[in-house]
Amino acid sequence: MERIILIDFGGQYTQLIARRVREAQVYCEILPYSTPLAQLEGADVKGYILAGGPASVYEAGAPRCDAGVLALGKPVLGICYGAQLMAQLLGGQVAHAESGEYGGVAITLEAGDPLFNGLEAQATCWMSHNDRIGQLPEGFHATAHTAHCPVGAMACPEKKLFAVQFHPEVRHTPFGQDMLKNYLYDICGCSGDWVVSGLVESMIADIRKTVGKGRVISGLSGGVDSAVASTLVHRAVGDQLTCVFVDHGLLRLNEAEEVLRVFRDEMGLNVVYVDAKDRFLSKLAGVTEPERKRKIIGEEFIRVFEEEAAKIGDSDFLVQGTIYPDVVESGVGNAQVIKSHHNVGGLPKDIKFRTVIEPLRSLFKDEVRALGLELGIDEKAVWRQPFPGPGLAIRILGDITQEKLDILRHSDAILREEIALAGLDREIWQYFTVFTGMRTVGVMGDGRTYDYIIGVRAVTSSDAMTVEFAEIPYPVMRRISNRIINEVSHVNRVVYDITSKPPGTIEWE
Ligand SMILES: Nc1ncnc2c1ncn2[C@@H]1O[C@H](COP(=O)(O)OP(=O)(O)OP(=O)(O)O)[C@@H](O)[C@H]1O
Ligand SMILES: O=c1[nH]c(=O)c2[nH+]cn([C@@H]3O[C@H](COP(=O)(O)O)[C@@H](O)[C@H]3O)c2[nH]1
Ligand SMILES: NC(=O)CC[C@H](N)C(=O)O
Ligand SMILES: [Mg+2]
């Protein structure tokens with residue numbers, strides 16, 4: 001399979017570039033800037049993209065990739081920081097500009113540049129920079145400019161080197177996707193062989209090869225990721241697979257019954273239900289720090305899986321439905337640790353399984369859903385809203401008690417019922433309530449109350465990497481708030497979270 005290597009310099013939009021390349025049906029792999037040249041090469045690599053980043057190339061210690069990528073004879077596209085780095089590595093000059101450009105900017109694209117083939121000369125692009133290329137490297141010419149930026153883009157077509165100061169990957173650069181396609185198809189010569197649905201057979205073959213005659217344990221949560229991962233493994237090795245569904249006491253109302261009904265009864269998977277409520281809750285008692293909670297939960301999951309593996313006669317393989325955002329947010333590579341997802345950053349060091357199988361590790365959620373539909377998994381499971389492995393633990397701020405869990409579960413069930421009644425459950429990516437732990441004064445039945453605030457979080461997204469708060473109609477909000485306050489004891493106030501991601505995250509912890 002052909003691939004594009006995307007070199008990461010810690011920018012905000014690196015993920016987005018990868019998504020856009022994949023949307024154009026070319027597989028894209030993100031590697032840190034520190035990757036040695038030998039690992040960047042490969043016959044299947046059709047080209048490179050150098051991504052953006054917060055640093056300035058002229059600072060000491062600014063991240064640099066091996067300059068050798070520019071001399072491999074394969075196309076390279078620099079974007080923003082990547083463009084500036086290309087200029088600098090090849091002898092051009094980059095300096096701090098008197099005024100930066102942020103947001104939508106008018107740009108003139110030169111005719112004749114293969115990157116801009118078929119595009120209108122006068123266009124709008126999205127900029128986010130304060131440095132600019134002052135002097136072009138030898139052999140380059142400027143191929144676009146804005147009022148404040150004489151080198152809006154540059155190229156040396158003979159060497160297949162191209163660079164743009166703007167961000168083609170964001171939707172606010174309307175011609176961006178067409179430009180990327182020009183790069184991928186005309187310049188890199190890709191044929192577009194990446195379709196998620198085409199992966200099923202090779203994934204199954206890979207799993208079969210890895211597992212051989214061994215036994216496999218799969219962590220099944222009822223979410224789409226583990227449903228797809230488990231189904232792939234089931235197709236590959238049939239009844240060598242045992243799915244383990246852990247009830248850690250942090251599930252939603254009736255969730256355990258529902259998961260067993262769908263996966264055991266309807267889909268016919270071999271599912272072991274483990275009641276681990278007491279052990280999780282006692283390990284978590286009194287713990288308030290979010291990262292501590294995540295690490296405890298990550299470790300306890302593994303201990304339960306190990307015990308179940310021992311019961312079925314030692315299984316060497318553990319399957320997890322880990323997907324790409326879990327890996328990135330856990331700070332693998334250059335990325336910062338935003339939060340340790342229990343299945344990646346929360347894994348203990350001493351884990352008894354010989355191999356952890358994660359067939360979905362490089363996919364985004366919408367790609368996983370496409371695979372799920374391809375595999376014929378129940379539509380309800382495919383479109384189920386994501387639910388984090390640590391469950392309600394990261395929706396209770398502070399320590400976890402049975403009383404708080406009961407309040408949270410009850411309010412969450414009401415929210416889900418009302419969202420479904422309003423027909424909004426497909427539109428909204430995730431919606432849940434949060435136990436804030438704060439108490440306020442209220443008046444109910446002419447008496448004073450001093451009770452808890454429940455937070456409501458509802459967001460729209462396509463991949464959980466960036467989100468907007470959902471614009472739930474006021475009448476629906478009113479019903480949600482009335483019902484929660486009237487029906488859940490010890491709650492006298494409901495607030496709505498209107499934060500996007502970034503700067504917020506979806507979960508509160
Ligand atoms: N209660 C659980 N029992 C067993 N395994 C679990 C449980 N919760 C999470 N896991 C494991 O951790 C992985 C990551 O959880 P995560 O919530 O990201 O994925 P998911 O539940 O499969 O899908 P979704 O993100 O849609 O909820 C799961 O794919 C699964 O392997
Ligand atoms: O399995 C999981 N283990 C975790 O530790 C975890 N933390 C967050 N999430 C889910 O990931 C998506 C992004 O969440 P955040 O915006 O809160 O980082 C959202 O869908 C979250 O619900 C998790 N899933
Ligand atoms: N978005 C970016 O890649 C910014 C590059 C560089 N830090 C600048 O300000 O120009
Ligand atoms: Mg889940």
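**Notebook: domains, a helix pair and three ligand shells**

I began with the domain assignment of the protein chain, which gives domain 1 (3-187), domain 2 (196-382) and domain 3 (401-496); these bounds come from an automatic or database domain assignment. I note that this is a predicted model, in which local features need pLDDT of at least 70, side-chain atom pairs count only at pLDDT 80 or more, and totals for chains, interfaces and linings use all residues. Residues are numbered from 1 along each chain as its sequence is written, while chains are lettered from A and ligands numbered from 1 in the order in which they are written.

**Domains 2 and 3.** I looked up the separation of the C-alpha centres of domain 2 and domain 3, which is 28 Å. Their contact takes six residues from domain 2 and seven residues from domain 3, where contact requires C-beta atoms, placed from the backbone, within 7 Å. On the side of domain 2 that touches domain 3, I found three nonpolar, no polar and three charged residues. Here Ala, Val, Leu, Ile, Met, Phe, Trp, Tyr, Cys and Pro count as nonpolar, Asp, Glu, Lys and Arg as charged, and the others, Gly among them, as polar.

**Helix pair.** I next examined helix α13 (residues 402-421) and helix α14 (residues 474-487), which pack at an angle of about 150° with axes 10 Å apart. Helices are DSSP runs of H or I with at least four residues, strands are E runs of at least two, and both are numbered from the N terminus. The axes are lines fitted to C-alpha atoms over the stretch in contact, and angles run from 0 to 180 degrees between N-to-C directions. α13 and α14 are therefore roughly antiparallel, a term for angles over 145 degrees. The contact involves S411, I414, L415 and E418 of α13, and V476, R479, I480, R483, I484 and E487 of α14. By class, I recorded five nonpolar, one polar and four charged residues in this contact.

**Ligand 1.** I listed 19 residues around ligand 1, with G219, G223, D225, S226 and G321 nearest; a residue is near if its C-beta atom, placed from the backbone, lies within 6 Å. α6 (224-237) and β11 (241-247) each supply at least two residues of this shell. Its classes are eight nonpolar, nine polar and two charged.

**Ligand 2.** I found 17 residues surrounding ligand 2, the closest being P388, G389, T505, I506 and E507. The shell holds six nonpolar, six polar and five charged residues.

**Ligand 3.** Among the residues around ligand 3 I noted G11, C80, Y81 and H129. Strand β6 (residues 122-135) gives the most to this shell, with four residues. I recorded four nonpolar, seven polar and one charged residue there.

Key: Contact = placed C-beta atoms within 7 Å. Parallel < 35°, antiparallel > 145°, perpendicular 65-115°, else oblique.
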